[in-house]
Amino acid sequence: MATKRVFDVKSRSKSAKKRKRERPKQPRIDYEEIEKENKLFEEFYTEQGIISPSEWIHFMSTVRLPLPATFRLTSNTCVCTDLADCLTQRYIQKFPKLSTNNEPINPPIPIPWYPSGLAWHVDITRKEIRNDPVLASYHSFLMRETDIGSISRQEAVSMIPPLFLDVQSHHKVLDMCAAPGSKTTQIIEAMHQSHAQILLQLRSSQESTATGLVPNPLPPGFVVANDSNNKRSYLLVHQAKRKKSANVIVTNHDGTTFPNLYLSQDDHRTGNHIKYDRVLCDVPCSGDGTIRKNPTVWMKWAPHKANGLHRLQLRLVVRGAELLVDGGRLVYSTCSMNPIENEAVIHTLLKLGEGSLQLVDVSTSLPELEKRSGLRSWKVMSNANVWIDTDKTEENADGIHSTFFPPSSDQADTYNLQRCMRVYPHHQNTGGFFIAVIQKVAPLPWLKLVKNRDSQAEISSPVEQEQPLLVTISDSVKDKSKIENRPFSVFGKFSSSTGYKGYKEDPFIFMDRSDELITELSTLYGISESFPWEHCFTRSEGKAKNNIYMTTSLVSKILATNQADKNVVKIINTGLRVFCRSDQSVGSVCKLRFSQDGCNILFNYFSKRKVTLTESDIIKLLENESISLSSLCPQSLADIKDLPIGPVVFICNPSSDSAKSHTSPADNKEQSSPDTLLHKPYKCFITCPLIFSGWKANWSARLFVTKEQKQHYQVMLGYELKSDVSLEEKKKSRFVRCQIRDSLEPSIPTGNGNEGKDETVCEENTT
């Protein structure tokens with residue numbers, strides 16, 4: 001019988017897949033054909049009064065326009081200001097000379113409220129990009145920098161919540177609904193930027209230089225980036241890897257029941273779990289604030305979408321508040337304008353907190369951001385599109401819950417809901433957004449109650465001393481007497497499933513200092529004794545160590561303590577790859593080489609196999625797959641020629657000379673070809689040393705960087721890319737071909753047309 005049951009299950013699974021394949025695909029919706037009208041949408045927000053009557057026409061006309069593109073520069077790298085200079089001088093300065101149909105093209109402009117002017121607003125259509133080689137080159141620049149992590153394309157209002165988190169280098173941060181990861185990358189950047197400022201102060205002090213110790217290049221804090229969707233978690237990994245950080249843990253778990261994590265087994269026994277200094281709850285929402293970016297909202301908008309998400313949003317933010325340390329800060333945000341998803345959730349959270357949670361007044365922060373205060377009162381519409389005037393209705397009647405309703409007039413001053421922030425599309429040409437910044441000033445009342453009860457009871461087995469408000473069967477809460485006073489009716493049903501779904505992840509196996517591989521690497525590369533090998537791990541159990549990853553002290557403790565119990569949380573990825581197996585290991589002194597991602601960290605710890613190159617040497621390596629050692633300058637050749645075959649680290653301190661052309665020695669046949677000559681019409685924008693992972697062979701050398709990284713450094717060094725030149729020539733060639741085709745059309749004979757077609761093709765190919 002058991003065998004038959006397994007067979008039946010497999011048969012049903014195959015049948016379901018077959019039906020899915022045979023299901024007709026939905027036709028793709030053309031956004032331009034969508035009628036941007038929704039009477040219910042207009043009625044709902046007119047009645048709510050979120051927009052003054054004098055602004056209503058402007059508001060409605062704005063939400064019918066497409067959303068301009070925005071992007072920001074990575075702020076935690078030493079080249080962020082250099083990249084901003086390159087963007088301005090190489091591309092944006094050319095915009096005043098461009099036009100389409102005798103109309104000037106609007107140049108990108110900095111977003112005024114974003115710190116240090118590192119975010120930009122772009123209002124250029126795809127048609128304009130296709131028709132102009134300068135714009136096409138600019139677009140290629142943005143795509144290339146996005147691939148390597150120097151630029152993040154992100155909606156402007158989505159950049160706001162991480163700024164209000166005020167992340168510092170030592171903070172423990174939890175992003176509860178992190179995918180796809182744009183806000184997570186902002187948090188990572190803020191943590192590393194704060195640590196970079198501390199390192200700068202240490203290096204300038206006489207004490208650090210006198211001791212000779214290498215300051216830790218990694219921040220002491222960490223970021224836990226969680227998402228409940230298994231597939232989206234891997235998208236989150238991709239985004240985090242672009243930032244080259246060792247301080248990120250990507251997890252896959254239901255955020256409403258996110259488990260407690262521990263730093264040691266002793267903490268696990270005593271229930272002393274990790275509390276986070278900062279928590280971001282960017283919760284799932286109906287998304288009507290994205291109506292400019294996603295015009296299908298016009299077709300689907302209805303109040304039941306927000307009503308149905310209210311309880312999920314409430315469970316998420318309550319669990320976030322439970323995991324927040326006393327004195328910590330929580331930021332709640334949605335891309336919705338509906339008060340049921342915004343102020344109603346915050347009001348219920350503050351009410352449950354009984355004074356332990358307070359809204360922070362951040363009205364003076366980001367003064368150039370035009371924002372409106374949160375609503376103190378609002379109206380409720382049922383799933384049947386009927387206005388409800390009182391909160392005395394039956395619970396869950398037509399999708400209505402008591403938590404939907406605003407506080408009474410005499411209680412409104414208690415909650416200070418006006419401290420919430422609303423961003424509307426028509427104010428600064430953005431999307432709609434809601435942000436609330438909450439401070440935890442005391443323990444939550446239900447956690448305090450359980451802790452007091454547990455302290456009075458004799459505990460014979462390891463249990464948690466603080467049980468969350470959002471408990472399930474999987475949370476190991478067996479004693480119902482401990483939870484009888486908790487307001488479960490507010491939250492509805494909870495999922496009892498764990499987060500361990502999808503692919504089985506490889507384990508995190510930490511390295512031992514007695515490992516022969518560590519001895520070999522330390523001897524070969526002159527790695528300092530202070531290098532934290534105990535925080536390095538591999539993910540190949542019982543196999544050859546193809547990759548070595550590095551992380552921080554706290555992250556390594558979390559991995560060692562929590563990965564054993566797979567039912568607690570599924571850890572998808574963490575760490576920064578510092579060593580990887582080389583494909584060119586024949587004759588090499590070691591089979592592992594430096595990873596380009598980890599070069600900036602390893603550089604502080606090793607003393608051997610470093611080679612300093614000139615700018616001309618580096619540009620040759622960037623332009624070619626490999627170069628002969630004889631083409632290097634005499635000093636560089638003297639440093640590298642006696643090194644055994646194997647990995648090297650190339651260092652370059654580029655000069656910022658005036659614009660000049662790059663030429664190679666005439667006697668160098670490899671570089672004398674016109675295909676390898678690069679023109680340098682711009683100054684060098686780089687002001688800090690460049691570090692590359694490379695390889696030294698018997699007679700040649702090469703870099704281990706991607707094509708996009710090579711092009712990035714060529715542009716930053718002031719050189720013209722061959723791809724940009726060929727793109728401009730292609731555009732001109734297309735224009736000439738069109739002119740030839742137009743001139744030949746009247747002379748095409750009316751017979752079979754072969755003569756005219758052959759002539760046109762010949763002319764086109766010749767062009």
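**Entry 1. The four-stranded sheet**

I began at leucine 73, which stands opposite isoleucine 151 in E6. The model is a predicted one, and I read every entry below with that in mind. I then looked up the strands around this pair. Strand E1 covers residues 69–73 and pairs with E6 in the antiparallel sense, over three bridges. The two strands belong to an open sheet of four strands, ordered E4-E5-E1-E6, with antiparallel pairing. I noted strand E4 (109–110) and strand E6 (151–153) as the edge strands, since each pairs on one side only.

Next I checked which helices touch this sheet. Helix H4, residues 80–90, packs on it and touches E1, strand E5 (119–122) and E6. The direction of H4 makes about 140 degrees with that of E1. Helix H6, residues 133–148, lies across E1, E5 and E6. I recorded about 100 degrees between H6 and E6.

**Entry 2. The annotated binding site**

I took the "binding site" annotation from the unreviewed UniProt entry. The record lists Cys177, Ala178, Ala179, Pro180, Gly181, Ser182, Lys183, Asp227, Asp254 and Asp282. I looked up two of these positions for burial and contacts, and one peptide bond.

Lysine 183 sits in helix H8, residues 182–204. Is lysine 183 buried or exposed? I have its relative accessible area as 10%, which is under the 20% cut-off, so lysine 183 counts as buried. Leaving out residues up to four places away in sequence, lysine 183 touches Gln154, Ser158, Pro161, Pro162, Asp175, Leu280, Asp282 and Phe433. I marked Asp282 in that set, as the UniProt record also lists Asp282 under the binding site.

Aspartate 227 lies in strand E8, residues 222–227. Its relative accessible area is 6%, so I entered aspartate 227 as buried too. With neighbours within four places in sequence set aside, aspartate 227 is in contact with Met176, Cys177, Ala178, Ala179, Arg232, Ser233, Thr251, Asn252 and His253. Among these contacts, Cys177, Ala178 and Ala179 are also in the annotated set.

For the peptide bond, I looked between alanine 179 and proline 180. The bond joining them is cis, with omega at about 5 degrees. Proline 180 is found in the loop between strand E7 (172–175) and H8. Both residues of this bond appear in the UniProt annotation.

**Entry 3. E9 and E21**

Asn252, one of the contacts of aspartate 227, led me to a strand pair. Asparagine 252 stands opposite lysine 570 in E21. Strand E9 (residues 248–252) and E21 run antiparallel and are joined by four bridges. How many residues of strand E21 are buried? I counted five of five over residues 570–574, so the strand is mostly covered, each value being under 20%.

**Entry 4. The five-stranded sheet**

I then looked at an open sheet of five strands, in the order E18-E19-E20-E22-E23, with antiparallel pairing. Its edge strands are strand E18 (509–510) and strand E23 (592–594), each of which pairs on one side only. Strand E22, residues 576–581, is joined to E23 by three bridges, and the two run antiparallel. For cysteine 580, I found arginine 593 in E23 as the bridge partner. Helix H18, residues 516–525, packs on this sheet and touches strand E20 (547–550), E22 and E23. The direction of H18 makes about 50 degrees with that of E23.

**Entry 5. Helix H13**

I checked the length of helix H13, residues 303–323. At 1.5 Å a residue, its 21 residues should span 30 Å, and the end C-alpha atoms are 31 Å apart, which agrees. Where does H13 bend? I found the bend at histidine 310, at about 35 degrees. H13 is mostly covered, as 16 of its 21 residues are buried.

**Entry 6. Positive phi values**

I looked up two residues that are not glycine but have positive phi. Glutamate 354 has phi near 55 degrees and lies in the loop between helix H14 (343–353) and strand E12 (357–359). Its relative accessibility is 64%, so glutamate 354 counts as exposed. Asparagine 385 has phi of about 65 degrees and is found in the loop between strand E14 (380–381) and strand E15 (387–388). At 36% relative accessibility, I listed asparagine 385 as partly exposed.

Notes
Residues numbered from 1 in each chain as written. Predicted model: local features only at pLDDT ≥ 70, side-chain atom pairs only at ≥ 80, totals over all residues. Heavy atoms only, no water. Expected span 1.5 Å × (residues − 1). Bend = angle between axes of the 7 residues up to and from the residue. Buried < 20%, exposed > 50% of the residue type's maximum accessible area, 1.4 Å probe, protein only. Pairing = 2+ DSSP bridges. Contact = heavy atoms within 4.5 Å. Axes fitted to C-alpha atoms, helices over the stretch in contact; angles between N-to-C directions. UniProt positions renumbered as here; feature names shortened; annotations may be inferred.
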